[in-house]
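The following exercises invite the reader to examine a structure step by step. Each task is followed by a worked solution.

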Amino acid sequence: MGDVLAGNHAVWEFDADSDSVLIRFARGMRTPRLWHALGERRIPLEALTGVTVGTVAPGVGRRETVVLRAVPRPGADPLMEAAAGQLKESCDPYRLVLPGDRADQAAAFAEALRERLGPEGAQAAPAERFLVAVPQPPLQLKAYDARVGFDGSAVTLQWSRTGASSAKWRAGDQRYALAALAGVEWVSPDRPGGGYLRLVPREAAEAAAAPDHDLAAAVFGVGYGAVHESLPFAAAVLAALRERAPVGAVPRARVSGERLRHLSELHSTGLLTDAEYETLRARFTAGA
């Protein structure tokens, strides 16, 4: 099809060869940081159930805008499954905002997409496996009370001396192999009171404790566990759990200069040791 639709902070393009929609997120001060982290995403048409187009009335000093939104198929995208409806509307990666004078183009794009999806698209059952590639997660996630790591086979929680509760500190650092986990729960740090990342063990002896006392949970806070870092991390763990395979086995985009710069930033801020940085840089470069 080859149709291209450019919005305020992203460009959507049909790719007829792969029967998918390629979404490229722009970089800029007004672009959501989550979109910066995602870079671009390829959404197979089988991972969608529909598309909507709506008009947003202008506010004071604003112009009318058109909103195009693709409807993801339940169970198809690890990012949206981990988010569980908690993303702010402005951060929704399936939402494209355009100037009001491009309403006709948005409508034509949506109609073309509906034709490709066909009537069976809206009736598609939840996907039995993830159809959208897992986002490239940060190598380490810095929460308020822990540093959380994921190597593709296990999740580790190293407690912070200043942020962790006495219960966590006494218990010591924790390691959870994927085989011992049934799921992962992500609660947005943007919610009132903050959020957390909780691992769900396969065999829980009792009800989970409060996140600050739960040895399988890391608590977020101001400046810790931001959405653009913690959500891709949670999605990566969820995808590995679903597939029962290392993250490296899940198809993903080629490594870019931005990803290598992010790796360098993690190293410079102390989140990666010299040895970890060199090992991962060599791995990323080799796979680029």
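In strand E2, Glu-13 is the bridge partner of Val-4. The model is predicted, so local features need pLDDT of at least 70 and side-chain atom pairs count only at pLDDT 80 or more, while totals for chains, interfaces and linings use all residues. Residues are numbered from 1 along each chain as its sequence is written, and side-chain values use heavy atoms, with hydrogens and water left out.

**Exercise 1.** Determine the strand order and the edge strands of the sheet that holds E1 and E2.

Solution. Strands (E, at least two residues) and helices (H or I, at least four) are DSSP runs numbered from the N terminus, and two strands pair if DSSP finds at least two bridges between them.
- Step 1: The open sheet has 4 strands in the order E1-E2-E3-E4, with antiparallel pairing.
- Step 2: Strand E1 (4–6) and strand E4 (40–44) are the edges, since each pairs on one side only.
- Step 3: From one strand to the next, the twist averages 15 degrees; axes are lines fitted to C-alpha atoms, for helices over the stretch in contact, and angles run from 0 to 180 degrees between N-to-C directions.
- Step 4: E1 and strand E2 (residues 10–15) run antiparallel and are joined by 3 bridges.

**Exercise 2.** Trace the pairing in the sheet with the order E8-E9-E10-E11.

Solution.
- Step 1: This open sheet of 4 strands pairs in antiparallel fashion, and its edge strands are E8 (140–142) and E11 (174–177).
- Step 2: Strand E9 (residues 146–150) is joined to E10 by 5 bridges; Arg-147 has Gln-158 in E10 as its bridge partner.
- Step 3: E9 and E10 form a hairpin with 3 residues between them, and Gly-152 in the turn has a positive phi of about 100 degrees.
- Step 4: Strand E10 (residues 154–159) is joined to E11 by 4 bridges. In E11, Ala-177 is the bridge partner of Ala-154, and Tyr-176 stands opposite Val-155.

**Exercise 3.** Describe the setting of Asp-19 and of Ala-84, given the sign of phi in each.

Solution. Most residues other than glycine have a negative phi.
- Step 1: Asp-19, although not a glycine, has a positive phi of about 50 degrees. Asp-19 lies in the loop between E2 and strand E3 (20–25).
- Step 2: Ala-84 likewise has a positive phi, near 50 degrees. Ala-84 lies in the loop between helix H2 (78–83) and strand E7 (95–99).
- Step 3: Buried means under 20% relative accessible area, exposed over 50%, and partly exposed in between (1.4 Å probe, protein chains only). Asp-19 is partly exposed at 35%, whereas Ala-84 is exposed at 57%.

**Exercise 4.** Compare the span of helix H6 with the expected one, and state how many of its residues are buried.

Solution.
- Step 1: The expected span is 1.5 Å times one less than the number of residues.
- Step 2: H6 (residues 227–243) has 17 residues and reaches 24 Å from its first C-alpha to its last, close to the expected 24 Å.
- Step 3: Of these 17 residues, 14 are buried, and H6 is mostly covered.

**Exercise 5.** Which kinds of residue form the lining of the largest cavity?

Solution.
- Step 1: The lining divides into 8 nonpolar, no polar and no charged residues.
- Step 2: Ala, Val, Leu, Ile, Met, Phe, Trp, Tyr, Cys and Pro count as nonpolar, Asp, Glu, Lys and Arg as charged, and the others, Gly among them, as polar.
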